[in-house]
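Ready to practise reading helix packing and nonpolar cores? Work through each exercise yourself, then check the solution.

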Amino acid sequence: MLYYNPLDEFCKNPTGAVKESDTLTFRVKCDSFVCTLILTKDGDDCSKHYELIKKDGYFEGELQVSVGLYWYYFDIGKGEFVGKGENYLGEVSRYPQAFQLSVSSKDYKVPSWMKGGTMYQIFPDRFFRGEENKSVPPEKILHENWGETPIYKPNFAGQVLNNDFFGGDFKGITEKLPYLKSLNVSVIYLNPIFKAYSNHRYDTGDYMSFDPLLGTEDDFKALLQKANELGIKIILDGVFNHSGDDSVYFNKYGRYDELGAYQSEKSKYRKWFKFIKYPKEYESWWGIKTLPSYDKNCKDYIDYITGENGVIEKYTKMGIGGWRLDVVDELPAHLVKAIRKAVKKVNKNAIIIGEVWEDASNKVAYGKRREYFLGGELDSVMNYPLKNAILAYVTTGNLDELRQVIFEQIDHYPKDVLDSLMNIISTHDTFRILSAVSGINTAGLSKQSMENLTVSGDALKKAKEKVKMATLLQFTLCGVPSIYYGDEIGMQGFKDPLNRRCFAWGNEDTEMLEWYRTISKIRATYSAFEDGKFKEIYAKGGAFVFSRYNEKCEVAVAVNVGDKQKNMSFDGTLINLIDGTEHEEHFMLEPHSFGVFIKK
């Protein structure tokens, strides 16, 4: 007999990540004569051994652990150990795979306002144009017609400049806030809005001013005010790893009045950047010369971003809801800590979300283990592991990756972080969800080949079915769903910038729009999706059934991507919240179907 499950409060209490002040209880059911907890702090060569006390049918022990990341397994004698095995349960092995234990500071708090909400991501130039008669400087292009294909082909010099604009702006977003409220949106994440050369604006030109094409500071404040009246917070994109070469700081083309680092070694910005051979050779993000990297050890630069009257203070004081930190794994820990300190000094309830593509609780970047959730850095991250696992499940029917990711995140992340994860299903950096599940093979295709590549007919019907199942999981698993603008109306698009087309106002897929409104309303109605625990009910043959529950309610979610019926039995009567049907004692989960249920 052996039973150890770190997600079961009997075996590990508290479950998940813990705080340094918590008393941690371990229990292992086994037939051995001895059971010893082997605990190793990440980076240490020596382990600590804690002998558990034998009880009636199990071993038990208590301890408190200091802040840090740990790995553990159990020694049950005779050269055998209990480590992580199949289905995330304890498994006897001579070479055990360790479980993870994350221990955060007792003072670590994550703002609670985002939990239970729905996020909406906007690429500002492509959402809605509220002001006509715009003009651009000669180095930029303004499209005459909203909805044209963005320019993606290289120019005569072989460069893709991303210098074409459609004119989406702050006034346009403000005008469409009632539309977003109809989707039960509670927080908007804006891609960069500061002055920049490109349409994506990740090449910041001047942090201290808004891009003129988006509007004025008064326009932005009006957006904040209207959003606040509707109960919607706004999160800004903080791009602090690199600048634009066409910026007040670098000023490679001399378009700014101030002396830039590229122009003169006497520039006050010279030490913000790392030059290999001045001025033409310098460090840049992934070797992209238009994105010169900052020297993140430069005190003047750090003070400019995080100091008094700095970038963080200016916009946080305006009343934004927080920041999303671009490529946060490329920012050193001391800078992330300084950003957190600056944000929380102005507003302790402002949230800080990092762009991390892996498990952020044990992430290693540039040879260093990151400490995002130990107390001094982030509140949340973009949930790429869950995105990838959901897409794998709805396209292949394989549940293994999805279950593993769910179990790992519950086990590794602090509960408040888990409830605040930014659950993406597509973003400005990935294929749109409808295209991603279409089954179209784009391997080896050029962007030109992808430009007019769309899914239609029966293939579209099947793809929309997959989107509904994917988004149902996105909206009901732990975390906060993030809708990428236009996904809710069935927009398609593969590689950037084809996934960044203008919002198709007037050409909405009403079926998809109604679906998003339905699931977002269900989410907003039941508090189990705010802070509820997760319980797996059934996972086999392409069918996945689980519940989210707290003291107030329990909601069951069933998805079947397989080709066989599944007869789900239960006590009493369940109501399917999607279509209002009632089911007594059993529900036939048909192939390629789904449901959300509560007890009558």
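Here are three exercises on this predicted model.

**Exercise 1.** Work out how helix α12 and helix α13 are oriented relative to each other, and find the residues that meet.

*Solution.* Start with the geometry: the axes of α12 (residues 457–476) and α13 (residues 510–525) come within 10 Å and cross at roughly 20 degrees. Angles under 35 degrees count as roughly parallel, so α12 and α13 are roughly parallel to each other. The crossing of α12 past α13 is right-handed. Next, look at who touches whom: on the α12 side you'll find K464, V467, K468, T471, L472 and F475, and these meet E511, M512, W515, Y516, I519, S520 and R523 of α13. Sort the residues of this contact and you get 7 nonpolar, 2 polar and 4 charged.

**Exercise 2.** Now do the packing of α7 with α12.

*Solution.* Helix α7 (residues 384–396) packs with α12 at an angle of about 145 degrees, and the axes are 10 Å apart. Here α7 passes α12 in a right-handed crossing. From α7 come I390, Y393, V394 and T395, while α12 brings K466, M469, A470, L473 and Q474. That contact splits into 6 nonpolar, 2 polar and 1 charged.

**Exercise 3.** Find the largest nonpolar core and look around L402.

*Solution.* The largest nonpolar core holds 126 residues, and Y120, F220, W323 and L402 have the most contacts inside it. The biggest giver is α12, with 7 residues. Zoom in on L402: leaving out residues up to four places away in sequence, L402 touches L386, A389, I390, Y393, L473, L477 and F544. Finally, a second, separate core of 22 residues includes C11, L52, F59 and F99.

How values were computed: Residues numbered from 1 in each chain as written. Predicted model: local features only at pLDDT ≥ 70, side-chain atom pairs only at ≥ 80, totals over all residues. Heavy atoms only, no water. Axes fitted to C-alpha atoms, helices over the stretch in contact; angles between N-to-C directions. Helix = DSSP H or I, 4+ residues; strand = E, 2+ residues; numbered from the N terminus. Parallel < 35°, antiparallel > 145°, perpendicular 65-115°, else oblique. Left-handed = near helix turned anticlockwise from the far one by under 90°. Contact = heavy atoms within 4.5 Å. Nonpolar A, V, L, I, M, F, W, Y, C, P; charged D, E, K, R; others polar. Core = buried A, V, L, I, M, F, W, Y, C linked by side-chain atoms within 4.5 Å. Buried < 20%, exposed > 50% of the residue type's maximum accessible area, 1.4 Å probe, protein only.
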